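Welcome! Please take a look at the sequence and the 3D structure below, and then we will walk through some of its features together.

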Amino acid sequence: MPRRIRTATHAAAAAVVSGLVLALLALGIGPVPALGTALVPGAGVWDSAAGAELPHTETLDLAGLKAPVTVAFDDNGVPTVKAGSDDDLFQAQGYLHARFRLAQLDLERRAGRGRLAELNGPASLESDRFELQMGLLRTAEAEWAATPPDSPAGRALTSYTRGVNAWISELRHTGQWPTIFSLTGVHPADWTPVDSLVIQEVLTQSMDFTSTPLDYAIFRDSLGEQRTMDWFPVHAANDQRPYDPGPYRDLGIAPLPANVNSAGPDVPAAANRSQPRPAPVAPTGAPDPAGEATAARTLLDTIRALPATQVHTFPDSNAWVANGPAVAGGNAMLAGDPHLPTTLPSYWYQIALSSPETNATGASMAGMPGVLIGRNADISWSLTDAQNQSTVFYSERTSPDHPGQYFWNNAWHPMQRVEYTIPVRGGDTEHLAVDLTVHGPVVTRAGQTTSVSWMGNVPSPDLAVLLAVDKARDYQEFRTALADWHAPTLNFAYADGGGNIGVVAAGYFPLTKAGDPWFPLPGTGEYDVVGAIPFDATPQAYNPPGHVIATANQRPVSADYPYYIGTSLNAFDNGYRAARIYQFLESHPAMTGADFTTLQNDTTDYLATVILPHLKEALAGAKLDARQQAALDVLNRWDATMRPSVAGGPIWWTFWNDYLETTFQPWWDQAKVPVEKDRWYLKVSSALPSLDEDLEAWTLHDPANLAFTSPGGPTRTAPDAMRTAFAQAVSELSQDLGSDPATWTWDRVHTRQVPSLTDAEALGYGPVPAEGDRWTVNAADGGMNSTFGPSWRMVVDWKGPGSATAQAVYPGGQSENPASPWYRTFIPYWREGRSLPLLMAADQPASTKVWTLRPGV
């Protein structure tokens, strides 16, 4: 296997193994027994688990229901829930989530509450410390305290909680706990509304918390500030296609509510954006870049040791909409495939909900009531990550003469201290003290006392928004609901039965008084976050004249957008998926749902189509040996698709990574960039969008760029570097795949896997030879054994008001129990690019598996 491919595979494996705490249970660490063959379906303790049994028609008693509820299961385990009120509807949903995903629910709330070590022992202490520092639990508690009990969100959480606890109570009575609890002897406590909000916070962190300023601090310390900003600019070097091309409005700054994870005096009121920004101020004792780099290294050690599902890593999701002449019949269509780590069980639990108030179907998230992605009778929606910078790090000014204090706004202020006790299975109880400044929690004192201001710590009524979206009847109601969505920042794609389409970027885009927030900022007050972009000025598009809109994590606006939203490093994608989507949509008039499905499964590498003509031109005058000529012949026949059985993909992929390394690695070596601190965003590789964008732009428009000439080396141009990289790629592939380039097919180096959260190989799916790469619409990220990609594919084809056909699938199954027939149900469909009907409750066929849930005592 080529060296570049091996490196990516090893990095991906390290991320996947971290998963959630069950990954360690499979190995038997410390006081936790190894599960081993006990987890193998049909051969172990799963056989005795009640959760493996499929439902049959029966009547069940649920305390708290006001009236009977029916739950009808289809053959794949997808339930249709019909209730006389939302209260009963969401109680039934909580019961279903607990019945089929209790271990997952408990692990996710433990991750957010900082209680994994109680189950897993010392191995999870680092994660628990970090989450208690970050304050996910503090934020969730504040959100619940601010939720009126009689509000739709308050009632939904209370009802959902009753449903979860009904199943926990039943398990306490029968003793038939899921295996994880039986083996460890650590059983789940009663569910609370805060637990659901904690899980919401875990999802927010995984999509919104980034290390951007830490990586910039390290690059500045090693490469120098000028080169750092030349190679990692705010605006990408390549041409990208924004979904909101303008014109834009500068509407000033919207105030932010208080950050519940901060202390000290209130943050100053937001200044009007039309006022001049104050000049940067460097007070005596201001932090120095070397100290910031030391702090960054320490923090990155902690962040990269966390489970891969807890911090934002990959910028992958797709959604697009079309209407009018772009659609057969002239109405509207929507496609969405949010990309997340693929695991068994999945993030998603498919469900259809029906009550006099709510009528929605789609993907629900275990732990939360309602439907997160899907459709109702009138509208449909999906989402992608907005990729903006929501995390700002502050270098606090401290002094031995003022212990426990920090200098802010020309005065010394005491830090607020919050203390925690962390139970540790098989170890001593851990005591943790967390200090809070006006900016947020202190996360390290190594080199420089550093705090973090993260928008996920600002209370956000996300559940109230989702419940309103589930009920929305048109774009105005949809958009009005999203005005209150704050974190994570997401692009919500929309299509309705009236033929309307749109995309709305909802969430907090933080703005600072002064300074460059992509670096750590001084915490003395002059550079504070003072507000956010007003909702009416965020990126948005509605019924554009071109009749198509695509969002694929690209920068959503052009360079003349009047607000800062993020940089090219560790933020926006490089635009290749978006470019390919627009290319397809604009070349296919009168599209059908089948066309949208074809595009979701598209494996064209857009960058290859752009770069290969220049590579072939560079090789035209070169002396090639027989094998290099044979490899070039393969590329001349290749259609730039990353299909498993097609030769060409490995040559392109290995060449591009070697081209990056040939160009940039000498500079990294000279600067001694500490790539081991963050192998995703400090290492030279195709996973670093800024470098892909630079190299693309230079190859096309600036082939004599000085970066091609290595430090102290002879003058070199892009064609020179391309020839070197091509020769190196052919040599590597010859060593690993044999002497005949015609046999170098993509399936020999690239696989997909859907691992179990236990990391027990028998409980996962794959690895299997697979299509795609990180830039294809059918994305496969996370290394050459991809464990990250489309987590839910959906297409909704509107025929008119109240009439639509919809398809959906996700890579998993409804049950978390490996012995259940519903454990891997949907993987074959997902793997083959097929979907299943996504039906509203009224359209579901009769079922032979029906529960009647009746009020109990």
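A residue counts as buried under 20% relative accessible area, as exposed over 50%, and as partly exposed in between, using a 1.4 Å probe on protein chains only. With a relative accessible area of 1%, A296 is buried. Before we go on, note that this is a predicted model, in which local features need pLDDT of at least 70, side-chain atom pairs count only at pLDDT 80 or more, and totals for chains, interfaces and linings use all residues. Residues are numbered from 1 along each chain as its sequence is written, and side-chain values use heavy atoms, with hydrogens and water left out.

**A buried alanine**

You can find A296 in helix 12, residues 289–304; helices (H or I, at least four residues) and strands (E, at least two) are DSSP runs numbered from the N terminus. Which residues touch A296, leaving aside its neighbours within four places in sequence? They are L214, A217 and I218, where contact means heavy atoms within 4.5 Å. A697 is 401 residues from A296 in sequence, and their C-alpha atoms are 30 Å apart in space.

**The nonpolar cores**

A nonpolar core is a set of buried Ala, Val, Leu, Ile, Met, Phe, Trp, Tyr and Cys residues joined through side-chain atoms within 4.5 Å. The largest one here has 226 residues, and W652, F655 and W668 have the most contacts inside it. Setting aside neighbours within four places in sequence, W652 has contacts that include D605, L607, W638 and W775. There is also a second, separate core of eleven residues, with L125, L132, I422 and V424 among them.

**The largest pocket**

On a 1 Å grid over the protein atoms alone, a pocket is an open set of points where a 1.4 Å probe fits, with protein on both sides within 12 Å along at least five of seven lines; lining residues have an atom within 4 Å of a point. The largest pocket has a volume of about 470 Å³, a volume being the space filled by probe spheres set on the points, which are joined across faces, edges and corners. Of its 24 lining residues, D244, P245, G246, Q540 and A541 are the closest to its centre. Strand 22 (540–542) is one of the elements that supply at least two lining residues, and its three residues are the largest share.

**A small sheet**

Strands 25, 24 and 26 form an open sheet in the order 25-24-26, with mixed pairing; two strands pair if DSSP finds at least two bridges between them. Strand 25 (765–769) and strand 26 (785–786) are at the edges with a single partner strand each, so one side of each has no neighbour in the sheet. Strand 24 (residues 751–754) pairs with strand 26 in the parallel sense over two bridges, and R752 has S786 as its bridge partner.

**Unusual backbone angles**

Most residues other than glycine have a negative phi, and most peptide bonds are trans. Here are some exceptions.

| Place | Feature | Angle |
|---|---|---|
| G246 and P247 | cis peptide bond | omega about 0 degrees |
| G766 and P767 | cis peptide bond | omega about 5 degrees |
| H547 | positive phi | phi about 70 degrees |
| A640 | positive phi | phi near 65 degrees |

P247 is in the loop between helix 11 (225–231) and helix 12, while P767 is in strand 25. H547 sits in the loop between strand 22 and strand 23. Is H547 buried or partly exposed? With a relative accessible area of 26%, H547 is partly exposed, whereas A640 is buried at 6%.
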